[in-house]
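Me: Please take a close look at a single helix of this protein and at how it sits in the chain. Add whatever backbone geometry belongs with it.

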Amino acid sequence: MIVKLPFAGDRLALDLRGFRVRTVAPSAPPGRDAGALAANALDSPLAGPSLGDIARGRRTAAVIVPDATRKASLPAVLPTVLDRLRRAGIADSSVVVLIANGTHPAVGPERIASLVGPTAPGILVIEHDCRASDLVEVGELRPGIPLRLHPLVVESECLITIGTVRHHYLAGFGGGPKMLFPGVSGYEEIQANHALVLDLSENRSARHPLCEPGVVEGNPIAEEIRRAAELRPPDLALCLVEGREGGVVWAGSGPWESAFEAAIANVRRWFEVSNEERFDLMVAGSGGRPTDSTLIQAHKSLDAACRFLKPGGELLWLASLDGGLGSDEMEPFVAEPTPDKILARLSTRWVQYGHTTLRIVEKTRQHRVRLHSHLDPGIAERLGFEPTADPEAVLDGWRERCEGARVGVMAAGAVLPRTRLT
């Protein structure tokens with residue numbers, strides 16, 4: 001069996017003949033016409049009025065969109081949203097498209113056009129900076145922790161969010177309310193929220209058991225994100241679900257709770273599978289660009305694949321990582337990447353990407369992970385990976401040691417074990 005795994009902007013073919021292959025794959029249909037799906041969702045919302053009705057009579061609009069680390073088919077979807085605003089009487093010069101970077105780095109002016117697609121000359125497209133000095137406080141996440149948002153989000157008379165809903169390794173699901181918080185909020189409150197994943201008090205280092213992908217109820221990170229959205233709820237949320245190999249297969253709009261819950265139901269249906277069978281050997285990709293561009297983003301597929309591996313199992317992981325780690329804030333943790341050192345650093349100052357590093361080294365200690373990437377081999381080895389320039393050589397070694405073995409293959413990005421909801 002020959003399998004082709006997305007890798008950066010291309011595909012890598014791997015020869016798995018001689019193995020008993022079981023594909024761990026989503027059941028989602030292929031992507032469809034994203035623009036048509038968005039248009040139908042905006043004109044026939046799941047609840048409440050259409051975008052056209054909401055925007056009519058309002059003078060300004062802000063549209064929050066995902067940053068470059070997310071797939072949302074914006075060049076096809078965004079023009080439909082902007083068209084509905086224009087038809088409702090909001091001038092292009094009164095519309096801003098705000099890229100929800102959260103703590104992620106800015107893409108820069110040269111890449112904005114490829115991210116959002118063509119826009120009318122009067123429409124302002126800007127990137128959110130979580131460290132900006134002009135963020136506006138709209139309330140408190142919890143006592144002593146204010147929530148600050150981009151001023152245009154607070155001032156706009158019509159606020160729309162566009163986001164792809166998918167599993168998130170801490171917050172249960174991405175998209176939906178995450179477009180507001182952490183998407184267009186302040187750095188300190190983002191760190192405070194993500195810090196809920198670990199209890200570092202009194203020399204403890206316990207991970208909260210419900211800060212997991214697919215878990216919403218009882219997940220303190222997810223619950224706080226929902227509370228944050230209520231402090232400045234969007235007038236309409238457009239939620240998207242990816243197809244089997246990218247694109248968009250479903251779109252729904254309405255109040256953020258309605259659109260988000262409907263999207264979650266589809267993500268559960270299409271991107272969760274039984275994990276009753278665990279593997280000694282697995283091959284996994286990271287979905288290609290942009291989700292395999294940095295270690296911060298790609299590690300989510302590593303996390304997913306390891307949930308189907310037996311303890312001590314071996315994983316051949318393909319992720320381009322041509323963007324390196326993904327944040328300078330990760331570097332101090334990578335310099336001393338042992339759980340004890342990482343936890344010691346986090347106990348003095350919480351940094352979300354320190355926790356990301358912790359999750360990575362936990363995986364490489366529990367499993368043998370053979371990494372094919374463009375990441376600096378020295379960094380990869382420090383994190384516990386075994387860099388390999390030749391994936392076929394790894395497979396040949398498996399054939400010699402384990403002829404006819406069953407091999408799990410997660411080719412198209414993250415699929416998660418079915419979430420236990422009770």
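Reply: A contact here means heavy atoms within 4.5 Å. Among contacts in the protein chain between residues at least 6 apart in sequence, 75% join residues at least 24 apart. This is a predicted model, in which local features need pLDDT of at least 70 and side-chain atom pairs count only at pLDDT 80 or more, while totals for chains, interfaces and linings use all residues. Residues are numbered from 1 along each chain as its sequence is written, and side-chain values use heavy atoms, with hydrogens and water left out.

The part chosen is helix H9, residues 295-306. Helices (H or I, at least four residues) and strands (E, at least two) are DSSP runs, numbered from the N terminus; the protein chain has 14 helices and 22 strands. Its radius of gyration, taken over C-alpha atoms, is 21 Å, close to the 22 Å that the globule rule (2.2 Å times the number of residues to the power 0.38) gives for 422 residues, so the chain is as compact as a globular protein of that length.

H9 has 12 residues, which at 1.5 Å a residue should span 16 Å; the end C-alpha atoms of H9 are 15 Å apart, which agrees. The expected span is 1.5 Å times one less than the number of residues.

Burial is next. Buried means under 20% relative accessible area, exposed over 50%, and partly exposed in between (1.4 Å probe, protein chains only). In the protein chain, 58% of the 422 residues are buried. In H9 the count is 12 of the 12 residues, so the helix is largely enclosed by the rest of the structure. The buried residues of H9 include the charged-type side chains Lys300 and Asp303, and Leu295, Ile296 and Leu302 are among the others.

Before H9 comes the loop from strand S17 (279-284), and Pro290 lies in this loop. The peptide bond from Arg289 to Pro290 is cis, with omega near 5°. A second cis bond joins Phe181 and Pro182, with omega about 20°; Pro182 is placed in the loop between strand S11 (172-173) and helix H6 (187-194). Most residues other than glycine have a negative phi, and most peptide bonds are trans.

Beyond H9, Leu321 lies in the loop between strand S18 (309-318) and helix H10 (331-335). Phi of Leu321 is near 55°, a positive value in a residue other than glycine, and Leu321 is buried, with a relative accessible area of 1%.
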